[in-house]
Amino acid sequence: MLSIEKLSSKTWKILPYPGTSNGARDIVWDELTFLGAGTKHQREYFKQSVRELLEALVKRAESCNGQLSPLTVYSKVNRLWAFAEWLTQRGIWLMSDVREEDLVEYIADKVVCVQAKGRVPRAKTISSYVTFFRELFLVRKHYTSPIRFDPHCSIGLDSLVKKGSDLVPWKALPLEVAKSLILDALVWIKDIAPLLILLLQQIEMEVGCCVGLTKKQVTKRTASAFEKISHREEYKKIFDLLKDESKTTAEILRRAVRLTKGAVLVEILFLIGMRISEANSLDANNITYEVHEDGMQYRYVNGVAAKKKGLKRGWVAPEEVVTAIKALQDMNGPIATGREQVHLFQNIMGNGLRARVGTKIRPPSYTTLRNLLVDFARSSHRAEPYFGDLHPHRGRKTFARFVTLRDKRGLGALVQHYGHLYAAFLDGAYVGTDIELKEMLDEENRADLAEGLMDLLSSETLGGKGARALSQLRDSVEIELKFSGRVAIHAIVDRMIKQGVKLAPCDWGYCLYQQDVSACRGGPTGPNSINRSPSTCSSCQNFAVSEKYRGWWEQRYARDEDFLRNHDIPVQTSEFVNARLSEAGKILNDLTAKFVSVLD
């Protein structure tokens, strides 16, 4: 096998892609216990059959795709073990005894589990189980006591697939929900994570080295350490924040550890657009710095790109993400991070807080990471917990939405980060080989462009020098709109997009960008971000303002008007502010001069 190395009959090793360390883990066959059912002979005989079956499944997949990703292999192991244990709980100890009714019942049980969580099973998920059963039959010559029934001929399995719902693409979170979630994660990493790290370091000092001690002695030392730190101010702050008096000190700390991991995951998914599998494969030491041609130093989070056969790539990261990753490294502790090939996200056995010498450390499953994300979103410490369906892919969708959002005023403190990434998106520098992310960015970019054009074409009033050209466009399609209404305006927007209309990001209006008349002297991809300003834009033929931005210009006018009421203002300053006041006044006058909307 290309994807698995047999270390012994009891231990197999899942191999990472050449040149990478991500995903390497052991398959320990002694952990397949069948929940203690049956006799020893039944367990060992069936386990041998399962071993041969896994090897056959992996080899079959490798014959088509070459070496499999560690995630693919691990998924096959989990699915096969779960099915084997389900069979033994029903007294079935040979694959040759499996009937059609058993396969149908197994899938039905899975559907019930999904429905119990308030979710709808997808047809694609049910189909994947049917495909798995069919593979068991296709490799029947390569394992002991193979399945005799051919699932390809099962009407019952096919009917189950039809009961699943269509796959609905995940959508970005609403702006306010996502912004609140991201900001709460930033606050947690900034204010709470340092307190938690200090407490964990104190516990480690109190417990000391446990080599040679009995389990009872270790428990006694740990209990004493928990008692001491429960009186510290750092612990009281965390305790008051989590609002749970029924929990012990250890339980409060475990919850704080989970929330810290959840906060880090929020920042990684929402601020740099990683997949959950890419986040799970990150090593502990993954931050590098690189100086670009413009002389700016960029921070990169380095990992393995999903679905690229182990290809390494870097993600441009803001300082906040780097801080979060370093906080998680500090929380994991020196024993954990000092080991070779340690993942950033870890499942630490024992008390689950910090690894000691000899503590088992394993990478978490994707279900575990999703639960960390959901736990943070629903945590009672948040002012507005989110109880909606929060799949990790929604973080990636939200990232794409925020990057391409032209009116970023609602993003608050996140504006600078997403604004920088939008420029990288335009010149194609950010996505690299991530085709799926490029498609998502293109999709969100088009949707935001269409929304802006709809606002311009349907607004009752328009201001700015670009308003005249828009008015002429509206007049030219007025007759068409009278007959078709809103349906036609969507068609017109689509036509404008296909013709290459550019709508640049702006906080004070719309820039229907054309390079040859650009007052800011922009380039082929868009306006010049250094030269752009409200004063420059108001003198540009590309600029238009709809009712949506009236408030921004009213506030600007009011501020300048109040400023001019001051005494002893230098003449030069007064002339400058008066010019700004005149610009704002002209745009507001344009907006006040109403004309009939094209939708009327």
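pLDDT is the predictor's confidence in each residue, from 0 to 100. This is a predicted model, so local features need pLDDT of at least 70 and side-chain atom pairs count only at pLDDT 80 or more, while totals for chains, interfaces and linings use all residues. Residues are numbered from 1 along each chain as its sequence is written, and side-chain values use heavy atoms, with hydrogens and water left out.

**Exercise 1. Work out where the predictor is confident and where it isn't.**

Step 1: Start with the whole chain. Its mean pLDDT is 81, and 82% of the residues reach 70 or more.

Step 2: Go down to elements, where helices (H or I, at least four residues) and strands (E, at least two) are DSSP runs, numbered from the N terminus. Helix α1 (residues 40-65) has the highest mean pLDDT, 94, and helix α15 (residues 415-426) the lowest, 54.

Step 3: Look for weak stretches. Over residues 594-600 pLDDT stays under 50, and there the model has 20 contacts (heavy atoms within 4.5 Å) beyond four places in sequence.

**Exercise 2. Find the largest nonpolar core and see what builds it.**

Step 1: Set the terms. A nonpolar core is a set of buried Ala, Val, Leu, Ile, Met, Phe, Trp, Tyr and Cys residues joined through side-chain atoms within 4.5 Å. Buried means under 20% relative accessible area, exposed over 50%, and partly exposed in between (1.4 Å probe, protein chains only).

Step 2: Pick out the hubs. The largest core holds 67 residues, and W188, I238, L253, I268, F270, V301 and L390 touch the most other members.

Step 3: Map the core onto elements. Those giving two or more residues include α6 (175-207), α7 (215-229), α9 (249-272) and α13 (366-378). Helix α6 gives the most, with 16 residues.

Step 4: Zoom in on one hub. Leaving out residues up to four places away in sequence, L253 touches L196, L199, I203, F226, I229, Y235 and L353.

Step 5: Check for another core. There's a second, separate one of 45 residues, with F34, L68, F132 and F137 among its members.

**Exercise 3. Sort through the salt bridges and note how exposed the partners are.**

Step 1: Recall the idea. Side chains of opposite charge can pair when their charged atoms come close. The cut-off here is a side-chain nitrogen of Lys or Arg within 4 Å of a carboxyl oxygen of Asp or Glu. A search of the whole structure turns up 22 salt bridges.

Step 2: Take R382 and D184, whose closest N and O atoms are 2.7 Å apart. This pair links distant parts of the chain: R382 sits in the loop between α13 and α14 (392-404), D184 in helix α6, 198 residues apart. R382 counts as buried at 4% relative accessibility, while D184 is partly exposed at 22%.

Step 3: Now try D562 and R565, which meet at 2.4 Å, N to O. D562 is partly exposed, with a relative accessible area of 43%, and R565 is exposed at 53%.

Step 4: Do the D191 and K190 pair, at 3.5 Å, N to O. D191 comes out partly exposed at 38%, and K190 exposed at 63%.

Step 5: Don't miss the network. K6, E55 and K59 are linked by salt bridges.

**Exercise 4. Trace the four-stranded sheet, then place C540.**

Step 1: Write the strand order. The open sheet runs β9-β12-β11-β10, with antiparallel pairing; two strands pair if DSSP finds at least two bridges between them.

Step 2: Find the edges. They are β9 (462-463) and β10 (503-504), each pairing on one side only.

Step 3: Check one pairing. β10 and β11 (residues 510-512) pair in the antiparallel sense over two bridges, and L503 has L512 in β11 as its bridge partner.

Step 4: Place C540 in the loop between α19 (534-538) and β12 (543-546). C540 is buried, at 8% relative accessible area. Setting aside residues up to four places away in sequence, C540 touches K465, G466, V517, S518 and A519.

**Exercise 5. Compare two residues with positive phi.**

Step 1: Recall the background. Most residues other than glycine have a negative phi.

Step 2: Read the angles. Phi is near 55° for F34 and near 60° for D568.

Step 3: Add the setting. F34 lies in the loop between β3 (25-28) and α1 and is buried at 0% relative accessibility. D568 is in the loop between α20 (550-564) and α21 (571-592) and is exposed, at 79% relative accessible area.
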